[in-house]
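Let's take a walk through this structure together. We'll begin at a turn and work outwards from there.

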Amino acid sequence: PPRILTLEEPVLHMDHCIAFAVHGNPAPTLHWLHNGQVLRETEIIRMEFYQQGEVSEGCLLFNKPTHYNNGNYTIVATNQLGSANQTIKGHFLEKPFPEVSGLFSFPMQYTPKLCVDSKAFSLQVSIAVGLAAFACVLLVVLFIMINKYGRRSKFGMKG
């Protein structure tokens, strides 16, 4: 039956790696559990290993893991003669905003409250629209004056 030789805590190389070595003849099939649930491989989490005789060595690789990837990782090796498993704790990042527990529990995250006075807001919008309309009218008048008076020759010569 299969036997798990080594299972190491996550180490950062190019990616984070949980290294393992499993012995078994016939060669065991390997799969992983995360907190007791079957772990499916994705672009972020994948397993790479190679078989050398009766020993399979490899890594469960994590590409930029977050606090969601923290937890217990269990390798399960199975062949026709039996199965073996071993668990290790993987800790990658702390939660960004942990909550304080006690008599009074307040979240550490600050969420500002927006208080909008509808009359003051409508007045501000009206002023902004009025200023924009005035600027547009001023630009049109300026454009017309430049076209009308800018074409005359200053010295009365015709070209």
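Start with the hairpin formed by β4 and β5, which has two residues between its strands. Asn35 sits in that turn and has a positive phi of about 55 degrees. Keep in mind as you look around that this is a predicted model. The two strands of the hairpin run antiparallel and are joined by two bridges. One residue to pick out here is Leu33, which stands opposite Val38 in β5.

Now look across to β8, where Leu33 has another bridge partner, Thr74. β4 and β8 also run antiparallel, with six bridges joining them. Carry on to β9 and you find that β8 pairs with β9 over nine bridges, in the antiparallel sense once again. Thr78 is a handy marker for this pairing, as it stands opposite Ser83 in β9.

Put those pairings together and what order do the strands take? They make an open sheet of four strands, β5-β4-β8-β9, with antiparallel pairing. The edges of this sheet are β5 (37-38) and β9 (82-90), each of which pairs on one side only. As a reminder of what holds such an arrangement together, strands of a sheet pair through backbone hydrogen bonds, either parallel or antiparallel.

Time to step back for the overall plan. The protein has nine strands and one helix. Reading from the N terminus, the elements go β-β-β-β-β-β-β-β-β-α. The protein has 159 residues, and 25% of them count as buried.

Some of those buried residues turn up when you look for aromatic contacts. How many aromatic pairs does the structure hold? It holds three. Take Phe20 and Trp32: their ring centres are 5.7 Å apart and the planes are at 70 degrees, an edge-to-face pair. Phe20 belongs to strand β3 (residues 16-23) and Trp32 to strand β4 (residues 29-34), so this contact ties together parts that are 12 residues apart in sequence. Are these two rings buried or exposed? Phe20 counts as buried because its relative accessibility is 3%, and Trp32 is buried too, also at 3%.

Phe62 and Tyr73 make another such pair. Their ring centres are 5.3 Å apart and their planes are at 80 degrees, so this pair is edge-to-face. Phe62 lies in strand β7 (residues 55-62) and Tyr73 in strand β8 (residues 71-79), so the pair ties together parts that are 11 residues apart in sequence. The relative accessible area of Phe62 is 0%, so Phe62 is buried. Tyr73 is at 0% relative accessibility and therefore counts as buried as well. Bring in Phe92, and you have one aromatic cluster made up of Phe62, Tyr73 and Phe92.

Charged side chains come next. The salt-bridge count is two. Asp15 forms one of these with Arg46, where the closest N and O atoms are 3.4 Å apart. Asp15 lies in the loop between β2 (11-12) and β3, while Arg46 lies in strand β6 (residues 45-52), so this salt bridge ties together parts that are 31 residues apart in sequence. Asp15 has a relative accessible area of 17%, so it is buried. Arg46, at 26% relative accessibility, counts as partly exposed.

Arg46 has a further partner in Glu48, and their side chains meet in a salt bridge with an N to O distance of 3.2 Å. Glu48 counts as partly exposed, at 43% relative accessibility. Through shared partners, the salt bridges join Asp15, Arg46 and Glu48 into one network.

Finally, head over to the helix. Where does UniProt place a "transmembrane region"? An unreviewed UniProt entry puts this feature at residues 121-146. In the model, that span is 100% helix and 0% strand, and its end C-alpha atoms lie 38 Å apart. Look along helix α1 (residues 118-149) and you'll come across Val137. Why does Val137 count as exposed? Its relative accessibility is 53%, and the threshold for exposed is over 50%. Val137 also contributes to a nonpolar surface patch of about 390 Å², together with Val141, Met145 and Tyr149.

Note on methods. Residues are numbered from 1 along each chain as its sequence is written. Side-chain values use heavy atoms; hydrogens and water are left out. Patches are made of residues with over 30% relative accessible area and no salt bridge: like charges are joined within 9 Å, nonpolar side chains (Val, Leu, Ile, Met, Phe, Trp, Tyr) within 5 Å. Accessible areas come from the Shrake-Rupley method with a 1.4 Å probe; for residues, only the protein chains shown count as cover. A salt bridge is a side-chain nitrogen of Lys or Arg within 4 Å of a carboxyl oxygen of Asp or Glu. Buried means under 20% relative accessible area, exposed over 50%, partly exposed in between (1.4 Å probe, protein chains only). Rings of Phe, Tyr and Trp (its six-membered ring) pair if their centres lie within 6.5 Å; planes under 30 degrees apart count as stacked, over 60 as edge-to-face and the rest as tilted. Two strands pair if DSSP finds at least two bridges between them. UniProt positions are given in the numbering used here, feature names are shortened, and annotations may be inferred rather than shown by experiment.
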